[in-house]
Amino acid sequence: MKFNSLNISNEMKKNLDSLGYTEMTPVQEQTLPLSLKNRDIIAKAKTGSGKTLSFAVPLLNNLKTSLFRIQAMILCPTRELANQVANELKKIARYQHNIKITTLCGGMPYRPQVHSLSHQAHIIVGTPGRILKHLGEKSFDPKDINTLVLDEADRMLDMGFNEDINKIINFIPKNRQTLLFSATYPSDIKNLAKNILTNPTTIEIEATQDKVNINQKFFQVQNKDKVNTILRVFDTIKPESTIIFCNTKIDCDNLADDLEDKGATLLVIHSDLEQRQREQTLVLFEARSYPILIATDVASRGLDIEDVDLVINYDLAFDTEVHTHRIGRTARAGKGGNAISFVTEDSLHIYDELESKETLTSTKELNENAYIPTSLWQSIYINGGKKQKIRTGDILGALTGDIGLNKEDVGKITIQPMCSYVALRKNIAKATHKKLEQTRIKGKYFKVYMK
Ligand code: ADP
Ligand code: MG
């Protein structure tokens with residue numbers, strides 16, 4: 001969809017066009033028609049998806065330039081982000097000559113900000129702490145604010161701004177449009193949103209893949225050669241983290257046996273596993289305690305694993321949408337990734353529908369010391385979680401304090417309702433496991449197991 005289709009001024013359209021913004025990104029396409037009707041919106045979308053424009057357009061649309069009063073407030077987690085937003089806003093607003101944007105961030109001298117505010121501004125962008133300070137000292141009058149934006153809300157909460165944000169809300173008019181943007185949508189954001197937004201529409205943009213970042217290849221292979229081809233792919237790409245998709249449970253189990261015979265350590269996830277086992281499997285894979293996950297599509301639905309180096313389609317997916325979904329596990333967050341798909345005689349018809357037609361037949365011989373993915377991490381299960389009031393810091397504290405590990409020896413920590421997992425460097429895992437049995441966490445001893 002093009003910006004032209006939106007209900008915005010011709011000047012704004014022309015300016016967006018001159019900036020090279022013609023087609024809307026998915027988050028813009030889904031939020032703008034609603035936000036231009038003054039709806040409150042919660043939008044979850046990854047970094048780089050074009051969120052700034054999603055709030056800049058309705059905000060500028062709400063603005064009366066002839067009124068020299070602050071009409072919009074944008075809260076950001078850091079000074080760098082606030083400056084980025086202010087700069088982008090200036091570009092988008094440049095078709096209107098006299099729009100004044102003031103940034104109010106902590107870590108900057110306070111007095112000049114007060115001085116700048118005395119000259120009036122239309123829009124303020126800043127960090128919650130500093131904005132709250134100005135509000136408390138009445139450096140500016142918030143009564144004409146009609147648009148509030150919370151940008152990168154998850155990071156603002158991570159940085160402890162929850163209370164400041166709630167206090168800021170008490171200063172500004174209730175009758176306003178509020179737009180909340182976040183890369184993730186955990187429960188503390190939901191709670192924050194409840195107090196701040198009115199009847200919001202929630203929009204979630206699936207992180208579909210920027211194809212350019214995925215190095216995608218198709219190999220024409222016979223079924224009997226698939227395992228060896230996987231080993232060659234491992235040796236070429238040397239992945240730390242791989243997901244292999246099969247179309248059936250039986251294929252998953254057989255492939256697991258074959259690869260284990262070759263010395264690989266791996267996890268399998270399919271619908272035979274109970275929910276609890278599936279969750280644990282994902283935790284262990286995400287913590288990189290296992291370098292390979294073999295999965296069916298059903299089991300991988302909604303699985304949000306980032307940072308996989310390699311996706312292998314042992315079987316080609318039955319349709320292109322599933323294929324895209326599968327390979328979207330790699331090359332997340334702008335990093336490069338690899339996707340290898342096996343094409344057999346009987347799957348050629350599916351392959352025809354796929355865009356890329358590059359097919360390779362690998363001939364490289366495997367040598368003795370070919371690379372087999374192994375893990376540097378070992379996960380430890382702790383029989384206590386949120387219900388027992390355990391937090392990440394408690395586990396990290398026990399390991400680096402009483403037990404004396406270096407921070408670098410501790411990997412991903414996952415806290416679940418009734419249990420927790422911590423990944424440790426393999427070489428110290430066993431000894432640490434013993435010590436952890438005899439170390440208090442949150443004042444108590446917990447059962448711990450190697451996983
Ligand atoms: P986010 O806040 O979601 O991380 P940004 O708003 O910073 O993303 O946008 C990321 C980049 O994409 C910026 O360089 C921006 O100029 C560009 N961009 C945003 N929307 C469009 C669009 N519709 N067409 C082309 N480029 C865009
Ligand atoms: Mg942004």
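Which residue is the bridge partner of isoleucine 101 in strand 4? In this predicted model the partner is isoleucine 123. Local features need pLDDT of at least 70, side-chain atom pairs count only at pLDDT 80 or more, and totals for chains, interfaces and linings use all residues. Residues are numbered from 1 along each chain as its sequence is written, chains are lettered from A and ligands numbered from 1 in the order in which they are written, and side-chain values use heavy atoms, with hydrogens and water left out.

Strand 3 and strand 4 (residues 123–126) are joined by 4 bridges in the parallel sense. Helices (H or I, at least four residues) and strands (E, at least two) are DSSP runs, numbered from the N terminus, and two strands pair if DSSP finds at least two bridges between them. Strands 3 and 4 belong to an open sheet of 7 strands with parallel pairing, in the order 3-4-2-5-6-1-7. Strand 3 (101–104) and strand 7 (201–204) are at the edges; each has a single partner strand, so one side of each is left without a neighbour in the sheet. From one strand to the next, the twist averages 15°. Angles run from 0 to 180 degrees between N-to-C directions, and axes are lines fitted to C-alpha atoms, for helices over the stretch in contact.

Helix 2 (residues 26–35) packs on this sheet, where it touches strand 1 (41–44), strand 6 (177–182) and strand 7, and its direction makes about 180° with that of strand 1. Contact here means heavy atoms within 4.5 Å. Helix 6 (residues 128–136) lies across strand 2 (72–75), strand 3 and strand 4, and runs at about 140° to strand 2.

A further open sheet has 4 strands in the order 16-17-15-18, with antiparallel pairing. Its edge strands, strand 16 (410–415) and strand 18 (448–450), each pair on one side only. Strand 15 (residues 377–382) and strand 17 (residues 420–425) run antiparallel and are joined by 6 bridges; isoleucine 380 has valine 422 in strand 17 as its bridge partner. Helix 16 (residues 392–402) lies across strands 15, 16 and 17, at about 145° to strand 16. Helix 17 (residues 426–437) touches strand 15, strand 17 and strand 18, and its direction makes about 135° with that of strand 17.

Ligand 1 has 14 residues around it, of which Tyr21, Glu23, Gln28, Gly48 and Thr52 come nearest; a residue is near if one of its heavy atoms lies within 4 Å. An oxygen atom of the ligand is 2.6 Å from a side-chain N or O atom of tyrosine 21, and a nitrogen atom of the ligand is 2.8 Å from a side-chain N or O atom of glutamine 28. Taken alone, ligand 1 exposes 570 Å², of which the protein buries 69%; accessible areas come from the Shrake-Rupley method with a 1.4 Å probe. Helix 3 (residues 51–61) gives the most to the shell, with 3 residues.

Definitions and conventions. A polar contact is a pair of N or O atoms within 3.5 Å; within protein, one must be able to donate a hydrogen and the other to accept it, and residues adjacent in sequence count only if both atoms are side-chain atoms.
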